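Visitor: I am new to this structure and would like a close look at a single part of it, the largest cavity. What lines it, and which parts of the chain supply that lining?

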Amino acid sequence: MGSEWSLVFFTSFVDLGCGLFVALAINEWFSINPQVRWKGAIAVLVALGMGGISSVLHLGHPERIFGALGHPTSGIFLESSMIGITGICVLVYIFALNRNATAQTLKAITLVGSIPAVILAFAVGDSYVMASRPAWDTLVLPFAYLGSAAVMGCFAYRILVVNPSDSLVSQSTLVSQGLLILQAVLVIAYVVTLSNAPYSDASRSATQVLAGGFAPLFWGAIVIVGLLIPFVLNTIKKESLATSISATLGLVCVFIGAAAFRVLMFNLGTTVWQFF
């Protein structure tokens, strides 16, 4: 099928934006670090904007997006709607910050906005679940997309934190490590799903992923860069490596890992030809 790079970047940037906005919501509800508000909100808008642009570019002719939006049952309609709703919630949050809104108001805005954000992070993966492509016919995919949103959002949030306390560093480290472990479990679950998928074919087999043509992508970009290196960065003593540098390197790695997982998924997406 090919890598479909525009869709790879669309889903990666959208998940990054969604994950970061949920992190901002958690930050508001627990009154952790008010310094991240403005920078975090702007970063969410940029990520969602880049994701939206990538989605439109995939259509070949940008004007085709209006035709897609005319079909409410389509996956593009749901994704575009959720991007729009989440973006509006972020803009309302920025407006509230500019008006020095109360803490309760900010909490309410981010809580409401985190709902479409979570739905969007899941939906961009769920839109690929289809019976005609055995490697995609599993709910592991959308949960893996949701997991990558959580991991990227956590690392992006850590970059924004200014002068974090020891307790905040410790807590964010534990959360990051827990999310990385969860993402590793989801990756393993996807490989197991491939090995048990119906209509087996070498082009979409677990063997092809673990020891075949996709092994360098899987072991190098997804496992080592996307999971192991960020996990190790979390365990390094902060005296040896500044928290912001560690978080930045971690975000770069988990973003590469998320994009690589999507590249792998697209290349495994061969159809069951006898269905057509």
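Guide: A helix here is a DSSP run of H or I with at least four residues, numbered from the N terminus, and a lining residue is one that has an atom within 4 Å of a cavity point. With those terms in hand, and keeping in mind that this is a predicted model, we can turn to the cavity itself. The count comes to three cavities of 30 Å³ or more, and the largest of these holds about 120 Å³ of space. Four helices, α6 (140–160), α7 (166–196), α9 (215–235) and α10 (243–267), each supply at least two residues of its lining, and α10 gives the most, with four residues. Read along the chain, the lining of the largest cavity is made up of Ser148, Val151, Met152, Gln183, Val187, Ile222, Gly226, Leu227, Val254, Gly257, Ala258 and Phe261. Sorted by class, eight of these lining residues are nonpolar and four are polar, while none is charged.

The second largest cavity, with about 50 Å³ of space, offers a useful companion to this picture. Its lining also draws at least two residues each from α6 and α7, but here the largest share, three residues, comes from α7. Tyr157, Arg158, Val161, Pro164, Leu168, Val169, Ser172 and Thr243 form the lining of this second largest cavity, and by class five of them are nonpolar, two are polar and one is charged.

Technical notes:
Residues numbered from 1 in each chain as written. Predicted model: local features only at pLDDT ≥ 70, side-chain atom pairs only at ≥ 80, totals over all residues. Heavy atoms only, no water. 1 Å grid on protein atoms, 1.4 Å probe; cavity = no way out; pocket = protein on both sides within 12 Å on 5 of 7 lines; lining within 4 Å. Points joined across faces, edges and corners; volume = space filled by probe spheres on them. Nonpolar A, V, L, I, M, F, W, Y, C, P; charged D, E, K, R; others polar.
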